[in-house]
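The questions below go through one predicted model. Each answer works from the coordinates to a value or a name.

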Amino acid sequence: MSTPAITIPHVVYQPSNAEKRSPPSSKAGSTLVGTPSVKSETSSVLEKLPWDGYLEEDIPEKTQGKVMRDLRHLVFTIYHRLFGVVFITNMAILIALLVCGVNSQRLGLITVANIFVAILMRQDYIVNAFFFVFTSVPTSWPLWFRLLMARVYHLGGIHSGAAVSATMWLAALAGQGTKELARGEEISIATVVITWIILAFLVGIIIFAYPGLRSKSHDTFERIHRFMGWTATALVWAQVISLTNDWKGEASLGYVLVHTAPMWLMFIITGSLILPWARLRKVPVRAVVLSDHAVRLFVNHRVFGFHPRPVPGSFSRVSLDPLHEWHAFANVPVPGTDEFSLVVSQAGDWTKELIRNPPKEIYFRGTPVAGVLRVNIMFRRVVFVATGSGIGPIAPCLFEKRQPARLLWTGANILKTFGTDLVDAVKEAEPDACIYDTRVHGRPDMVKLTYKMVKDFDAEAVVIISNEPLTKKVVYGMMSRGIPAFGAIWDS
């Protein structure tokens, strides 16, 4: 059955120049909200819009003082707290061991253990397992506890904390190994040289992973992370074998390796790195160009064999050049079919070329991975906020209709950019959606507008998919007023 078309009333109200300089008026033009009827095309009064008067409505003051509020919501986020716990614990142990005395063998073991934790915290199946457990909390449980569990998407703090800690332990190992070599003790020159090379690789990875540098040169960061990481892993294998050989005593190397923890940790690390690539697939896609700024790629999930059907709130990694460049896009299951889609909007040279020349085949790697949007299932009533192509990740959550939800979708020329089919499908799933065209109404105050929707709908939580500055602004604006809010944290 075809979805009903959205009626767009004619623009019959033209603001004066003075009005254009004032804050955006909700009566300044047409809207995609609902299917409003207009009694006369010459009427100068439009039907009341959902955001009418929101700028004049009072919004509560932020809780706590500015210093305490900023420390809580900006500095000591869950991500930073997890990083801090992992890093400080490691450094306390390292200092204690250095004071009491420690040999290179013990330092090598702890280094590999931290690398093990860092890599597993980025493994697709481990991430999905965490999300499955944490988001299984019943909605009947206290809101404060569900809010805490919903921060599961901050687990990247464990990854970065363990990775930086591994680098510190490796630096200690390099120093201790050099000292032992100078004293003529058990360690070999090969072990020391390999250790220093690995340290150089890890320092390089950490430098390019710094948020400011990573955001400016994300493709470079990905390549360095991938190729340096692979090389470092191979070198750690060599280091483990060489260091074990140095400390094996009279026993055979094979016997000691089988009975040493680092060897088995390395097997798991290597398997974890290989598994996503073992599931690399080049699959056919059906491209539907929505506009000059967006394309929708349809894929039949059965072509992946035993891959699970993507769930709302998950994303897939796709590429046209598997060794050099990967991009993550939200999975949009198509109800009643075996297909799911990816909505790609223009956000750089890669996406621009993809829209201009849609591929017939594309590479997928690994398995669909749960993301921040998956936490929406933990709340009874939710307001989803999307700007532009942010509707891609949010749409399947609306289609699922797991709980009452409201949508605030802002963007320029939404109908023209994303096409009638997608907009109609969103409207069918959420008839009361607030679709705000910034080309007509100007840029809204997103914090005030989101707050109005939360209060009008009596929502428990807000989930936003937008650019980094706006995401942080809305999440901060809601959390600082006691409203649970969730958005991407750009930690990878």
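Q: Which residue in β8 is the bridge partner of S314?
A: This is a predicted model. Strands β4 (residues 314–321) and β8 (residues 361–370) pair in the antiparallel sense, with five bridges between them. In β8, the residue bridged to S314 is A370.

Q: What is the strand order of the open sheet of four strands?
A: The pairing in this sheet is antiparallel. Its edge strands, β1 (281–284) and β5 (325–330), each pair on one side only. Neighbouring strands are turned against each other by 40 degrees on average, direction ignored. The order is β1-β8-β4-β5.

Q: Which strands of the sheet does helix α5 touch?
A: Helix α5 covers residues 124–134 and packs on the sheet. Its direction makes about 40 degrees with that of β8. The strands touched by α5 are β4 and β8.

Q: How many residues of β9 are buried?
A: In a regular strand, side chains alternate between the two faces of the sheet. V382, F384 and A386 point one way from β9, while V383, V385 and T387 point the other way, and all are buried. β9 is therefore mostly covered, the count of buried residues being six of six.

Q: Which residue in β10 is the bridge partner of F384?
A: β9 and strand β10 (residues 405–411) run parallel and are joined by six bridges. Within β10, F384 has as its bridge partner L407.

Q: Which residue in β12 stands opposite A386?
A: β9 also pairs with β12, in the parallel sense and over five bridges. Opposite A386 in β12 stands I465.

Q: Why is β12 largely enclosed by the rest of the structure?
A: A461, V463 and I465 lie on one side of β12 and are buried. V462 and I464, on the other side, are buried too. β12 is largely enclosed because its buried residues number five of five.

Q: Which residue in β13 stands opposite V462?
A: β12 and β13 run parallel, joined by three bridges. In β13, the residue opposite V462 is A485.

Q: Is T387 buried or exposed?
A: T387 is in strand β9. Leaving aside neighbours within four places in sequence, T387 is in contact with T410, M446, I465, S466, N467 and L470. Buried means under 20% relative accessible area. T387 has 17% relative accessibility, so T387 counts as buried.

Q: What is the relative accessible area of N376?
A: N376 is in the loop between β8 and β9. Not counting residues up to four places away in sequence, N376 touches V382, F384, C397, Q403 and V463. N376 is buried, with a relative accessible area of 0%.

Q: How many Å separate the C-alpha atoms of N376 and E460?
A: Along the chain, N376 and E460 are 84 residues apart. In the model, their C-alpha atoms are separated by 10.0 Å.

Q: How far apart in Å are the end C-alpha atoms of helix α18?
A: Helix α18 has 12 residues, 468–479. At 1.5 Å a residue, the helix should span 16 Å. The distance between its end C-alpha atoms agrees, at 16 Å.

Q: What covers the buried residues of α18?
A: The buried residues of α18 are L470, T471, V474, V475, Y476, G477, M478 and M479. The elements covering them include α2 (66–75), α6 (143–149), β9 (382–387), α17 (446–457), β12 (461–465) and β13 (485–487).

Q: Which residue has a side-chain oxygen that reaches the backbone nitrogen of L470 at the start of α18?
A: L470 is among the buried residues of α18. The oxygen comes to within 2.9 Å of the L470 backbone nitrogen, and its residue is N467.

Q: Which residue with positive phi follows α7?
A: Helix α7 has 27 residues, 156–182, and its expected span of 39 Å agrees with the 39 Å between its end C-alpha atoms. The residue that follows has phi near 75 degrees and is G184.

Q: How many contacts does the model have for residues 33–46 beyond four places in sequence?
A: The mean pLDDT of the protein is 85, and 89% of its residues reach 70 or more. Over residues 1–31, however, pLDDT is below 50. Where pLDDT is low, the predicted coordinates should not be read in detail. For residues 33–46, pLDDT also stays under 50, and the number of such contacts is 25.

Terms used
Residues are numbered from 1 along each chain as its sequence is written. This is a predicted model: local features need pLDDT of at least 70, side-chain atom pairs count only at pLDDT 80 or more; totals for chains, interfaces and linings use all residues. Side-chain values use heavy atoms; hydrogens and water are left out. Helices (H or I, at least four residues) and strands (E, at least two) are DSSP runs, numbered from the N terminus. The expected span of a helix is 1.5 Å times one less than its number of residues. Buried means under 20% relative accessible area, exposed over 50%, partly exposed in between (1.4 Å probe, protein chains only). Contact means heavy atoms within 4.5 Å. A polar contact is a pair of N or O atoms within 3.5 Å; within protein, one must be able to donate a hydrogen and the other to accept it, and residues adjacent in sequence count only if both atoms are side-chain atoms. Two strands pair if DSSP finds at least two bridges between them. Axes are lines fitted to C-alpha atoms, for helices over the stretch in contact, and angles run from 0 to 180 degrees between N-to-C directions. pLDDT is the predictor's confidence in each residue, from 0 to 100.
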